[in-house]
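Trainee: Could you take me through one part of this protein in close detail? I'd like to see how a single helix sits in its surroundings.

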Amino acid sequence: MNARPLTDLTARFRKLWDEIAPIGRDAGSGGYLRYALTEPELLLRGWFRDQAEQRGMPIREDGNGNLFAWWGDPDAGDAVLTGSHFDSVPHGGAYDGPLGIVSAFLAVDELRESGVKPARPMAVGAFVEEEGARFGVPCLGSRLLTGALPAERAAALRDADGVSFAEALGHAPAGAHPELLGRFRSFVELHVEQGKALADTVAPVAVASAIWPHGRWRFDFRGEGNHAGTTRMADRRDPMLTYAFTVLAANKEARLRGAHATVGRVSVEPNATNAIPSRVTGWLDARAAEPEILTGLVEAVHDKAVERARRDGTGVTLTEESATPLVAFDGGLADRLAALLDAPVLPTGAGHDAGVLAGHLPTAMLFVRNPTGVSHSPAESATDADCAAGVAALARVLTELTC
């Protein structure tokens with residue numbers, strides 16, 4: 001294909017990006033509140049449909065909330081899939097997810113205007129609830145599509161307001177869709193880099209090698225609610241103390257193992273300033289380079305929490321909410337794309353729909369440079385020129401895979 005001048009592509013990227021940039025942005029934090037199937041994300045899904053219609057790309061849904069815009073015959077099989085997600089973490093950055101969808105549509109434009117005639121179909125996908133910020137399970141849409149999560153369990157998931165996933169979706173999720181999944185020969189997801197590996201290099205784009213094993217575990221700490229002013233310190237059974245110790249233990253154990261541990265969400269009952277809590281629930285996000293390290297980390301944190309609970313006179317229960325094994329992307333495909341793009345190859349500790357799909361079809365990821373290295377935060381960033389370079393790289397990859 002004949003590549004468009006990068007300055008022209010940069011302007012095209014900015015024009016399309018500006019159409020979605022205001023949607024779901026919080027005026028106070030500057031971050032985004034684009035929870036799955038809420039008004040901002042529904043507006044973005046409508047934008048997706050409009051973009052597909054403008055390009056003559058028919059939309060197919062899978063019954064789980066995932067959208068697919070097709071260039072070519074959806075029933076022909078042997079198709080190449082690209083895309084990402086629209087939803088965000090609370091007050092998240094602009095690029096995590098939507099960059100992959102905007103870049104996919106622009107890459108289709110590049111191929112068409114360069115006269116490329118794909119030998120196989122192509123689809124742009126928008127996956128639902130990738131972050132898990134509303135219903136608690138990350139990569140919910142891709143897990144449903146692949147059968148990694150039973151439809152019955154997904155239907156019953158509830159958000160903080162008690163709304164179930166089935167209610168938000170408008171119907172019970174369809175669950176595994178092997179016939180649709182079987183139409184794809186490969187998947188490529190473009191994503192903003194969620195670290196600083198490229199920040200000091202000349203490379204605006206990298207290829208992913210693997211995703212660290214990771215998961216989410218819920219710690220439920222039970223104690224005795226009581227009055228903050230009249231209960232003697234010696235008489236307290238305060239689950240907040242056990243929770244606080246567990247947070248510190250997670251930090252220490254992760255550092256000792258070269259792993260990552262984060263407790264970024266907590267729920268307290270009765271959540272009153274002048275009351276000793278009766279219950280504290282904390283969610284642990286843990287990640288490590290190897291499965292054995294991750295298992296050892298979670299076990300060590302649990303053991304320390306149990307021992308501290310014994311001393312505090314409280315109780316603790318650990319529940320695994322989601323777990324993703326080590327994902328090594330298709331080595332042949334990653335090497336092929338790295339050579340095609342003359343791009344570095346990087347591992348990542350972040351989870352993605354690509355990690356779920358990698359267990360079912362050859363999958364690759366492209367990362368666009370993030371100069372701050374910050375993600376899941378308003379400080380997440382990428383220059384328009386680097387985003388345009390990402391579009392150009394994705395267009396080259398799609399040409400390679402479809403022609």
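**A close look at helix H8**

Mentor: Let's start with the outward side: Leu248, Lys252, Arg255 and Leu256 of H8 are exposed. Keep in mind that this is a predicted model. H8 itself covers residues 239-257, 19 residues in all, and from its first C-alpha to its last it reaches 27 Å, close to the 27 Å expected at 1.5 Å a residue.

Now turn to the inward side. Pro239, Thr242, Tyr243, Thr246, Ala249, Ala250, Glu253 and Ala254 are the buried residues of H8. Looking down the helix axis, you find these buried residues within an arc of 125°, so they line one face of H8. The background is simple: an α-helix has 3.6 residues a turn, so residues three or four places apart point the same way.

What does that face pack against? The partners of the buried residues in H8 are three strands, E7 (214-222), E9 (260-269) and E11 (279-287), together with helix H9 (291-312).

The two ends deserve a glance too. At the start of H8, Asp238 brings a side-chain oxygen to within 2.8 Å of the backbone nitrogen of Met240. Just after the helix comes Gly258, with a positive phi of about 65°.

For a companion piece, look at H2 (residues 39-54). At 1.5 Å a residue its 16 residues should span 22 Å, and the end C-alpha atoms are 23 Å apart, which agrees. Its buried residues are Pro40, Glu41, Leu44, Arg45, Trp47, Phe48, Gln51 and Ala52. They cover an arc of only 155° around the axis, which puts them on the same side of H2. On the face turned away from that buried side you'll find Glu39, Glu53 and Gln54, which are exposed. The buried residues of H2 pack against helices H1 (6-20) and H3 (98-113), and against strands E1 (59-61), E2 (67-71) and E4 (122-127). After H2 comes Gly56, whose phi is positive, near 65°.

Pro40 is worth a stop of its own. This residue of helix H2 has its C-alpha 9.6 Å from that of Pro22, 18 residues away in sequence. Leaving aside neighbours within four places in sequence, Pro40 is in contact with Ile23, Gly24, Leu33 and Arg34.

For a link across a longer stretch of sequence, go to Asp353, in helix H11 (residues 353-357). Asp353 counts as buried because its relative accessibility is 0%. Asp353 and Glu129 are 224 residues apart along the chain, with 9.9 Å between their C-alpha atoms. Not counting residues up to four places away in sequence, Asp353 touches His85, Phe127, Glu130, Cys139, Ser142, Phe187 and Glu189.

Finally, zoom out to the whole chain. The protein chain has 12 helices and 15 strands, and its C-alpha atoms fill a box of roughly 80 × 45 × 40 Å along the principal axes. With 403 residues, a compact globule would have a radius of gyration near 22 Å, and the chain agrees, at 22 Å. Buried residues make up 54% of the 403. Of the contacts with a separation of 6 or more, 77% are between residues 24 or more positions apart. The chain exposes about 16500 Å², with carbon and sulfur atoms supplying 52% of it.

Terms used
Residues numbered from 1 in each chain as written. Predicted model: local features only at pLDDT ≥ 70, side-chain atom pairs only at ≥ 80, totals over all residues. Heavy atoms only, no water. Helix = DSSP H or I, 4+ residues; strand = E, 2+ residues; numbered from the N terminus. Expected span 1.5 Å × (residues − 1). Buried < 20%, exposed > 50% of the residue type's maximum accessible area, 1.4 Å probe, protein only. Arc of directions from axis to C-beta. Contact = heavy atoms within 4.5 Å. Polar contact = N/O pair within 3.5 Å; in protein donor to acceptor, adjacent residues only side chain to side chain. Rg over C-alpha atoms; globule rule 2.2 N^0.38 Å. Areas by Shrake-Rupley, 256 points an atom, 1.4 Å probe, with all protein chains shown as cover.
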